[in-house]
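Let's take a friendly walk through some charged side chains and the partners they meet. Have a look at the structure first, then read on.

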Amino acid sequence: MDHYGHFSLSCARWSLFHGWRRQIGTLLFLLALVTRVSAQIRYSIPEEMKKGSPIGNVAQDLGLDVKRLISGRARILTEDNEQYAELRADKGLLLVHDRIDREQLCGDVTPCSFSFEIILENPIELLRVMIEVLDINDHAPTFPNEHKALVFEINEGTAIGVRFPLQSAEDQDVAQNALQNYILSPNDNFILNQHANPDGSKYVEMVLQKPLDRETRPHLSLKLIAVDGGTPQRSGTVNININVFDANDNEPIFNQSVYKTNIMENTVKGTSIITVNATDADSGSNGLITYSLSKTKGSAADIFNIDPNTGTIYVSGQVDYEKNKKYEVRVEAKDQGGLIGTSKVVIDVVDINDNAPVINIMSFSSPLSEDSAPGTTVAVLNIKDVDSDRNGQIECSIDRKLPFKLEKSLTNYYNLISDQFLDRESISEYNVTITATDLGVPPLSSSKMLHLKISDVNDNAPSFDKNIYTAYVAENNSPGVSIFAVTARDADSNQNARISYLLEDTQISGSPISTFVSLNSETGVLSAIRSFDYEQIKQLDLVVRAQDGGSPPLSSNVSMTLLIRDANDNGPQVLYPVQTGGSVLAEMVPRSADAGYLVTKVVAVDVDSGQNAWLSYKVHRTSDRALFEVGFHNGEIRTIRQVTDKDAVKQRLTVVVEDNGQPSRSATVVVNVAVADSFPEVLSEFTDYNTYDKEYNDKLTFYLVLALAVVSFLFIVCLILIISVKVYRWRQSRILYHSNLPVIPYYPPRYSDTLGTGTLPHVYNYEVCRTMDSRKSDMQNMCNFSQFSTLCSSY
């Protein structure tokens, strides 16, 4: 039966197993759904299958839907770079990826198998697949030196039953396909004895069954044939040449049939392990023994050597427990006559902790979203230690301060999962160091660092650096001028931290805020749309919103007060004395006035604010500088000295009112003062200034002749009346003058002399009270005869 027939038999056996397995498939599938543990499946295939040959239907055998394999991006994970199988996720089939040589894969280990994992994502699942590779008879038995004949020099006196060890053949196949039997070519002198080693291998000895006769046949040529049990059967041959010498009838004999010893792995080359001893009863040259190691199967011949004279076995190569845990070598003692005695040396290798754990990253999800729930799988790790016992037992750990933990899943597999909620704004990335330490003495460890980045979600609203902003802009500004810049920050990143600035729609004096200012949405710069007038608007109250670019967007508001800075764009306005073009207004000062007498007060206002509204008063021009002065801050005009009879009745002062702005603005006012004790005296002096009388006379020129008599009569009557009233009031003033009562100036209602600046509020009234006696009034108006009756009636 050829190897294809053997494959058919294996498939038939697998079909029976597969049919039995399908009967319990439903139960296993339900258990998998309940327990949610990873599954394991096993296949058997012959070696040397062609690439693309089917191994099995993974989807059907594991009870998975093909759609799950596709959506989970199913792929194969192997612990080394060789991949013997490939997965067709779209059909759920497992195919041969590359030619599988069982002898290269496992050597003489049986059964031979390899395993790998299939990983599924979303959610992550691991499925273990184990494939047993069945041997086919693709190797014939071979001798180490099959092209070189084995030469034996045998004394003719050799006793019957003497054994001659022969080279063992090697067959890389196993089980039935391995070496099964040795055949010696037909002869009269020798037969074969076959023996089995504990590991199942066979060695053969040629036994003398009939004495040799050098005189009859000094040379013999035989063939040793090694055959296996495969179909078709394969064989190997080596020639045996026997030279018959004269009698050496004693072979060397070892003092032990089996020697046993232990050796630590990684023993230094040249270290002696054990010394064997053999004796030969012959004397002379026939009793001289040399030791050698027979060619054995495996690598023992490359690792050990023997001193041919002393029989001490030394280490000559690298001893590695992970490759071979036990060695068996055959020692030969050969005398000068060609007789050979054999013994076996069993060497057990003691493992030492010489391999640190190996960490392999099978899957790693980076970046990880900061809103990932605790328990999210971050990485799948494969960690193993090829040492044995406690030297190969592993403990894994990470920094306990990190919000992650390790959980064991399948054999040698660990899952790195999140243990807490993450916050990218606090920590944007983690260096997770996985440390694997074995339990050997001393322990060995290895580590691997995973650089995990945390991706951002929009969970932070923009925040301003101040709770309230205050900005200033000078009035009469140019439209478009930048006023102020607001700044907001967002702890998120990228698009979630891209901030846009917006003005909330508010009203200022019934107009939308957008008609006053504009806000740059990217820079947050606030600009004026139009020029501001402090006298109309003194401040603007704004609400600025900062909004990020996340989805959905987050925003926050901040209040801003925009204050208008006053500019000195308004000059002082004189409220009193009132300047009219129709009449001459004059203040009357009696000739008996003392120094410091309050003549009048210049009242002015400035609609600006602050120092721009601080007013100062000074006399610019006057008829007599030695008679009057004006208060610098309050505008009060007072006499400097005692009024005398020599002073002119008509006095004229020009007062300049100036604010404190930069540059300053000013206004002038003319104040007429009459120095007299009687009203008629005042009329005669101020006739020339009555422009209204001139206009009136010009209009009445046409009627002058006709009305002359009437006017004269009325003038005389009124003059008598005025003189009478004047005399009466003069008498009353004399009484008040001698009463020592203080003179209280009369100011206009709502007038406020704040800090001596002489300003009035914007809303004001002014009333004038005039009397014939300057001691009882702050102001007098002089009128001509034509206005006298009207003026007096108003008083």
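## Charged pairs

Arginine 424 counts as buried, since its relative accessibility is 12% and the limit for buried is under 20%. Its partner tells another story: glutamate 425 has a relative accessible area of 22%, so glutamate 425 is partly exposed. The side chains of arginine 424 and glutamate 425 meet in a salt bridge, with 3.3 Å from N to O. Sharing of partners also occurs: salt bridges link Arg73, Arg75 and Glu121 into one network.

Keep in mind that you are looking at a predicted model. How many salt bridges does the structure hold? The count is 17. Why can such pairs form? Side chains of opposite charge can pair when their charged atoms come close.

Here are three of these pairs, with the distance between the closest N and O atoms or from N to O.

| Salt bridge | Distance |
|---|---|
| arginine 88 and aspartate 90 | 3.6 Å |
| arginine 102 and aspartate 135 | 3.1 Å |
| arginine 424 and glutamate 425 | 3.3 Å |

What does the salt bridge between arginine 102 and aspartate 135 tie together? Arginine 102 lies in helix α5 (residues 102-106), while aspartate 135 sits in the loop between β7 (125-134) and β8 (150-155), so the pair connects parts that are 33 residues apart in sequence. Arginine 102 is buried at 1% relative accessibility, and aspartate 135 is buried with a relative accessible area of 8%.

Now turn to the pair of arginine 88 and aspartate 90. Arginine 88 is partly exposed at 34% relative accessibility, and aspartate 90 is partly exposed with a relative accessible area of 45%.

Note on methods: Residues are numbered from 1 along each chain as its sequence is written. This is a predicted model: local features need pLDDT of at least 70, side-chain atom pairs count only at pLDDT 80 or more; totals for chains, interfaces and linings use all residues. Side-chain values use heavy atoms; hydrogens and water are left out. A salt bridge is a side-chain nitrogen of Lys or Arg within 4 Å of a carboxyl oxygen of Asp or Glu. Buried means under 20% relative accessible area, exposed over 50%, partly exposed in between (1.4 Å probe, protein chains only). Helices (H or I, at least four residues) and strands (E, at least two) are DSSP runs, numbered from the N terminus.
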